[in-house]
Amino acid sequence: MKNRICVAVVGSGYVGLVAAACFAEIGHLVICVDNDESKVASLRDGGVPIHEEYLRELLDRHRPGSITFTSDLRAATREADAIFIAVGTPQSGTGSADLSYVDAVASEIARSIDRYKVIVEKSTVPVYTNEWIRRVIERNGVPRELFDVASNPEFLREGTAVVDFLHTDRIVVGTDSVRAAALMDTIYEPLTSGSYYENENSVPGHRTAASSPPIVHVSTKAAELIKHASNAFLAVKISFINVVANICEAVGADVKQVAHGIGMDDRIGPKFLQAGIGYGGSCFPKDVAAFRYVAEQCGISFGLLSEVEKINVEQKRRFFQKVRSALWTFRGKKLGVLGLAFKGGTDDIRDSPAIEIVQLLLREGCSIDAFDPAAMERTAEIIPASDSIHYVDDAYAAAQGKDALLILTDWQEFAELDLERLHQSLRYPIVIDGRNLYSPEHLRERGFTYLSVGRQDALASPGTPASSQNGFGQEAGILMLRRAHEA
Ligand code: UDX
Ligand code: UDX
């Protein structure tokens, strides 16, 4: 390749590893650095530590030729022209981002700079972090002309991160240096020129050679703000539609119809208008808090974001109450749970609303059989299997003999269940869906009592056949619902 750049990516987590695999995919030489020796060893041996579509294929394609793995940050810094920092930036006690990993990595990088390098911040960080990185490197005695700092925020959604990287809406580069901007242009040139999409093995997506992504050059501060503001805005959209969903429930409208109608307005757009059990994950909760903190530090009140957080907490509580209203009492109830990850397509359970709800149900004395296509191993590390919770092999095993089935994560396969088999498996055919994967009418016709978010409860009609495994079938569910409403 003409302009092959040696890129180091520090942090082989959900963001760093995907970025590294994609840099190799677009033709660069990549060194992945992580201070977790066991992770490095596993990656060297062909392991893939996270569940992410296309990641295994890309790593297999480029390992070991174009991607190498090491824990030696100094050696990687000496080799690389650009060093991307993608270590975690967790939430600290005050809500602000904890930048101690970024600080430590910047100091370490500084100790091995012997020729011009661009240090690129890829983790989500508050405004002014670039400036801090610059100061840390200067304090370690590196002459100013030997390095520049840039901000290149990621907009990757877990589960679709590879496609989001290679078929991005835009590439944002924040730097105040022409030289650094030129290097970033070269790194992303295969995408911006469209040449990557002409390759017959390229990962499919909506971008083509004729509609390649733009690169947007802004100041470092603007880039940092773009990232925080994007995530905060998306969280606003979700909390907004969740409140609209609650109004829909109160007046008897369907939030999916309302969201569809709103989203058709170009100025609003259809995405991130899915009502549910609230947002989770490693980004939105901490980024909303961190952005609010940034505003506070500037003397600006961003009460809107506090409200967004409050709505998000309330949304989980409402769903929990919905489950209570369907079951009447919790103690001794047997429940099937579908989904533990914070969203479909990933094994990540950080700040997962599903986990929170499972923990509440266990505390109330329910017993649970849970299934998730990718996140059970990670969940078992924090909620070990016990008499109260078992991890099972599929959705039907989770439903077997249960008083109700809860859908907590939007995995595609949960939207395609064999409803007849599900009906036969459940003790009572009650489905409580926190992700609105089914049409209430469709489930009612198939004999289920179906509760979802922002839509009317569908109560199985007494005329439909009862579950083959119990004497009372749907009527029991209706009875329970009535009792709950009367209570
Ligand atoms: C990222 C971003 O960096 C964060 O800012 C963004 O908001 C969310 O996603 P993520 O990739 O999800 O973090 O984090 P994680 O999966 O925890 O990966 C971080 C990696 O960095 C880990 O493999 C960890 O071992 C490594 N690390 C951490 C280092 O190599 N050095 C350190 O000093 C700290
Ligand atoms: C997010 C951002 O989308 C991405 O650009 C950023 O860089 C990293 O953070 P991610 O956290 O992986 O990505 O997932 P995302 O798809 O944004 O979902 C976040 C949470 O919001 C999930 O819990 C999801 O279930 C929820 N969500 C999303 C909704 O409740 N409704 C929606 O309409 C969309």
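Colleague: In which helix is Val 243 found?

Modeller: Val 243 is found in helix H10. Keep in mind that we are reading a predicted model.

Colleague: Is Val 243 buried, exposed or partly exposed?

Modeller: The general idea is that a residue counts as buried under 20% relative accessible area and as exposed over 50%. Val 243 has a relative accessible area of 33%, so it falls in between and is partly exposed.

Colleague: Which nonpolar surface patch does Val 243 help to make?

Modeller: For a patch, we look for residues with over 30% relative accessible area. Here Val 243, Ile 247 and Val 251 make a nonpolar surface patch of about 260 Å².

Colleague: Now to the ligand. What does helix H10 give to the shell around ligand 2?

Modeller: Helix H10, spanning residues 220-251, gives the most, with three residues. In total, 18 residues surround ligand 2. The closest are Glu 158, Lys 227, Gln 274, Lys 343 and Arg 435.

Colleague: How does that shell divide by class?

Modeller: Nine residues around ligand 2 are nonpolar, three are polar and six are charged.

Colleague: And how should I read polar contacts; which atoms lie 2.9 Å from an oxygen atom of ligand 2?

Modeller: The idea is to look for N or O pairs within 3.5 Å. One such atom belongs to the side chain of Lys 227, 2.9 Å from a ligand 2 oxygen. With Gln 274, a backbone N or O atom lies 2.9 Å from an oxygen of ligand 2. The side chain of Glu 154 also has an N or O atom 3.1 Å from a ligand oxygen.

Colleague: How much of ligand 2 does the protein bury?

Modeller: Taken alone, ligand 2 exposes 660 Å², and the protein buries 93% of that.

Note on methods. Residues numbered from 1 in each chain as written. Chains lettered and ligands numbered in written order. Predicted model: local features only at pLDDT ≥ 70, side-chain atom pairs only at ≥ 80, totals over all residues. Heavy atoms only, no water. Near = heavy atom within 4 Å. Polar contact = N/O pair within 3.5 Å; in protein donor to acceptor, adjacent residues only side chain to side chain. Areas by Shrake-Rupley, 256 points an atom, 1.4 Å probe, with all protein chains shown as cover. Helix = DSSP H or I, 4+ residues; strand = E, 2+ residues; numbered from the N terminus. Nonpolar A, V, L, I, M, F, W, Y, C, P; charged D, E, K, R; others polar. Patch = residues over 30% accessible without salt bridge, like charges linked within 9 Å, V, L, I, M, F, W, Y side chains within 5 Å. Salt bridge = Lys/Arg side-chain N within 4 Å of Asp/Glu carboxyl O. Buried < 20%, exposed > 50% of the residue type's maximum accessible area, 1.4 Å probe, protein only.
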